[in-house]
Amino acid sequence: MSDIDFYVETVLRQTVLGVPLGSSPEEWENGLGGDFLDDARKGRMRRDYGLVEIAFVRRAGAWESVSASLQIHRMARGLDGIVPRPLTDIHGEFSPQVPLDVFRRALRAQGGDLEEGTEPSSGGFRQFRETSTGTALYVADESGHDALLAPGSLWSIIVQHQTAPVPSHQSATS
């Protein structure tokens, strides 16, 4: 399996290595390992694994994940350790850039499809949604949002419960 397979699987299954939204921090640690940074404030927590960020809210005294984002743009910086080891163990090396056309072909081969958002883009991004899951994808626009990231490359993928808004600390530009 490749990094593209991982991204497609995440979009279509709305899980990361089989861990679904609604899972506890311990379940995410069991799936992605112990190399992370937690930032908790006022009933919200962000767990940063580098490539993967998980947002949690505290409900009935327990942390519950409400969104997961893949911060693909971070790959372009060539930082060591940005991809959690369990991901490289399964999917091999991750490419520093993922062209939208390559991702779209792989997604369609698995029965998925994308539709582009109709609202004007802000901040140099084009927004897409996977048609069956509603997963959001942000793509660097042709004006080039980041000097290290080629225009037309995936910036981020955000999986969230359909009823839950993206927490304010987790956006396309995280």
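Which residues are exposed on the other side of H2? They are Glu26 and Asn30. Keep that helix in mind, because we start there. One caution before we go on: this is a predicted model.

So, helix H2. It covers residues 25-32. Its buried residues are Pro25, Trp28, Gly31 and Leu32. Look down the axis of H2, and these buried residues fall within an arc of 125°, so they line one face of the helix. Glu26 and Asn30 are exposed on the other side. What does the buried face pack against? Strands E1, E2, E4, E5 and E6, and helix H3. Just past the end of H2 comes Gly33, with a positive phi of about 95°.

Step back to the loop between E2 and H2. Ser23 sits there. Is Ser23 buried or exposed? Its relative accessible area is 4%. The cut-off for buried is under 20%, so Ser23 counts as buried. A polar atom of the Ser23 side chain lies 2.7 Å from the backbone oxygen of Pro20. Leaving aside neighbours within four places in sequence, Ser23 is in contact with Trp28, Phe56, Trp63, Glu64 and Ser65. You have met Trp28 already: it is one of the buried residues of H2.

Now the sheet. Eight strands form an open sheet, with antiparallel pairing. The order is E3-E4-E5-E6-E10-E9-E8-E7. Strands E3 and E7 stand at the edges. Each has a single partner strand, so one side of each is left without a neighbour in the sheet. From one strand to the next, the twist averages 25°.

Let's walk along part of that order. E4 and E5 run antiparallel, joined by five bridges. Arg46 has Ala55 in E5 as its bridge partner. The hairpin of E4 and E5 has three residues between the strands. In that hairpin, Gly50 takes a positive phi near 100°.

Next pair: E5 and E6. Eight bridges join them, again antiparallel. Ile54 stands opposite Ala68 in E6. This hairpin has two residues between its strands. Ala60, in the turn, has a positive phi of about 50°.

How many of the eight residues of E5 are buried? Six, so E5 is largely enclosed by the rest of the structure.

Further along the sheet, E8 and E9 pair over five bridges, in the antiparallel sense. There, Arg126 stands opposite Val139 in E9.

Back to E4 for one residue. Asp48 has its place in that strand. At 16% relative accessibility, Asp48 counts as buried. Which side chain does the Asp48 side chain make a polar contact with? That of Arg74, at 3.1 Å. Not counting residues up to four places away in sequence, Asp48 touches Phe36, Leu37, Glu53 and Arg74. Asp38 is ten residues from Asp48 in sequence, and their C-alpha atoms are 6.4 Å apart in space.

On to helix H4, residues 100-109. Leu100, Phe103 and Leu107 are its buried residues. Seen down the axis of H4, they fall within an arc of 65°, so they line one face of the helix. Arg105 and Ala109 are exposed on the other side. What covers the buried residues? The cover includes helix H1 and strands E7, E8, E9 and E10. Just after H4, Gly111 takes a positive phi of about 90°.

Last topic: the nonpolar cores. The largest has 36 residues. Which of them touch the most other members? Tyr7, Trp28, Leu51, Val52, Phe103, Leu154 and Ile157. Two of those names are familiar from the helices: Trp28 is buried in H2, and Phe103 is buried in H4. H1, H2, E5, E6, H4, E9 and E10 each give two or more residues to this core. The largest share comes from H1, with five residues.

Take Ile157 as an example. Setting aside residues up to four places away in sequence, Ile157 touches Tyr7, Val11, Ala68, Ser69, Leu70, Ile72, Thr135, Ala136 and Leu137. Apart from the largest core lies another, of eight residues. Among them are Ala76, Phe125, Ala136 and Ile158.

Conventions
Residues are numbered from 1 along each chain as its sequence is written. This is a predicted model: local features need pLDDT of at least 70, side-chain atom pairs count only at pLDDT 80 or more; totals for chains, interfaces and linings use all residues. Side-chain values use heavy atoms; hydrogens and water are left out. Buried means under 20% relative accessible area, exposed over 50%, partly exposed in between (1.4 Å probe, protein chains only). Helices (H or I, at least four residues) and strands (E, at least two) are DSSP runs, numbered from the N terminus. The arc is that of the directions from the helix axis to the C-beta atoms. Contact means heavy atoms within 4.5 Å. A polar contact is a pair of N or O atoms within 3.5 Å; within protein, one must be able to donate a hydrogen and the other to accept it, and residues adjacent in sequence count only if both atoms are side-chain atoms. Two strands pair if DSSP finds at least two bridges between them. Axes are lines fitted to C-alpha atoms, for helices over the stretch in contact, and angles run from 0 to 180 degrees between N-to-C directions. A nonpolar core is a set of buried Ala, Val, Leu, Ile, Met, Phe, Trp, Tyr and Cys residues joined through side-chain atoms within 4.5 Å.
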